[in-house]
Amino acid sequence: KKVKKHYNKSFEDFELEEIHGFRLEMKKLRAFIRLINTNIPEERKIKIGGKIKSFYNTAGNIRNLQLHQQRVSHICDEMLLEKPVLYLQLLHNEENKQKKKAGRIADKIPFNHFRKKIIDLVPDKLNTESVQAFVIQKQHALVELIFLLDYSDEALHAIRKVLKDLLYDWKYISSYVPAALPAYFTNKKNIEVFTDKLGEFHDLCIARYFFKPVYIDKIADEEENKILLTVKRKLEETKGEMKEEINTLLNHVKQEMEKEDILQEVYVV
């Protein structure tokens, strides 16, 4: 019901917050489905249809374009730069193309069928063994990622996805968390704060895409290109500072995990 509510509202005008609401509810639904699907044979697993996934991804593209336009305008105001009008118009035109694409996809989404299919397959009760297995899966993934020698942008995004699954399924798994996860991540508030930081960082990673030749090479104005180079440098600087902050926190968590013998517990399990 929540997914459909935000879907209907986002489809009206693709307003930034409504798109965020739709994608957030979809992420929660997908996390819950992953929990239910743990230890279930492939043929009995709940699956989300391709058309809804396609709409979800296209809505994400629209939101990324909207956020990037806001971010560029904000940096220009902050640094007292002229706004890159041609560049912003290019992004706006791409946003409109993505909105039309989303509209075409939306016309083909059988939402009632999607809802019924999911409800019919959901078990009456959560299986305790499946919940435990789900938490252990997340434990293994988290330990493997945190003990990497180097945290690439992709690795940080993977850590965020694992933590988000835990966060969205918290009310079903919280009693199993203390025995499986590092002490820092047994506190829900810590996970929320950390995933917010990782989310901001991921947004900056996405922002880099909009400075690729497919966009920049279309700007013929030399002065505007200088402005864009300044904005790009500012984004890279902010991204670097944020990554350093995240790395410091992860190294602290890693040290705590070593003290707690988390690694040994994982391999025993």
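## Overall layout

Follow the chain from its start and the pattern reads α-α-α-α-α-α-α-α-α-α-α-α-α. That comes to 13 helices and 0 strands. Keep in mind that this is a predicted model.

As for dimensions, the C-alpha trace spans about 60 × 50 × 25 Å along its principal axes. The chain has 269 residues, and 43% of them are buried. Take the contacts with a separation of 6 or more, and 78% of them turn out to link residues 24 or more positions apart. The accessible surface adds up to about 15300 Å², and carbon and sulfur atoms own 50% of that.

## Phe55 and its surroundings

Let's zoom in on helix α3, which covers residues 50-78 and is home to Phe55. This residue has a relative accessible area of 0%, so it counts as buried.

Which residues touch Phe55, once its neighbours within four places in sequence are left aside? The list runs Tyr7, Ser10, Phe14, Phe22, Ala102, Ile105, Ala106 and Ile109. One of these contacts, Ala106, belongs to the residue range of helix α4, which is 85-106. Another partner, Phe14, comes from the loop between α1 (2-13) and α2 (16-37).

For a sense of distance, try Glu260, which is 205 residues away from Phe55 along the chain. The C-alpha atoms of Phe55 and Glu260 are separated by 43 Å.

## Two loop residues with positive phi

Phe14 deserves a second look for its backbone. Its phi is near 55°, a positive value in a residue other than glycine. Most residues other than glycine have a negative phi. Leu80 does likewise, with a phi near 55° and no glycine in sight. The loop that holds Leu80 is the one between α3 and α4.

Are these two buried or exposed? Phe14 is buried, because its relative accessibility is 7% and the cut-off for buried is under 20%. Leu80 is exposed, because its relative accessibility is 78% and the cut-off for exposed is over 50%.

## Charge on the surface

Now for the charges. The chain carries 47 positive and 42 negative ones, and their mean positions lie 8 Å apart.

On the positive side, Lys51, Lys100, Lys101, Arg104 and Lys108 gather in a surface patch. Which helix gives the most to the positive patch? That would be α4, with 3 residues. Lys51 sits within the range of helix α3, residues 50-78, the helix that also holds Phe55. Lys108, for its part, is in the loop between α4 and α5 (111-121). With a relative accessibility of 58%, Lys108 counts as exposed, because that is over 50%.

There is a negative surface patch too, made up of Glu12, Asp13, Glu15 and Glu17. Glu17 lies in helix α2, which covers residues 16-37. How exposed is Glu17? At 46% relative accessibility it counts as partly exposed, because that value falls between the 20% and 50% cut-offs.

How values were computed. Residues numbered from 1 in each chain as written. Predicted model: local features only at pLDDT ≥ 70, side-chain atom pairs only at ≥ 80, totals over all residues. Heavy atoms only, no water. Helix = DSSP H or I, 4+ residues; strand = E, 2+ residues; numbered from the N terminus. Buried < 20%, exposed > 50% of the residue type's maximum accessible area, 1.4 Å probe, protein only. Contact = heavy atoms within 4.5 Å. Patch = residues over 30% accessible without salt bridge, like charges linked within 9 Å, V, L, I, M, F, W, Y side chains within 5 Å. Areas by Shrake-Rupley, 256 points an atom, 1.4 Å probe, with all protein chains shown as cover. Salt bridge = Lys/Arg side-chain N within 4 Å of Asp/Glu carboxyl O. Lys, Arg positive; Asp, Glu negative; His and termini not counted. Charge placed at Lys NZ, Arg CZ, Asp CG, Glu CD.
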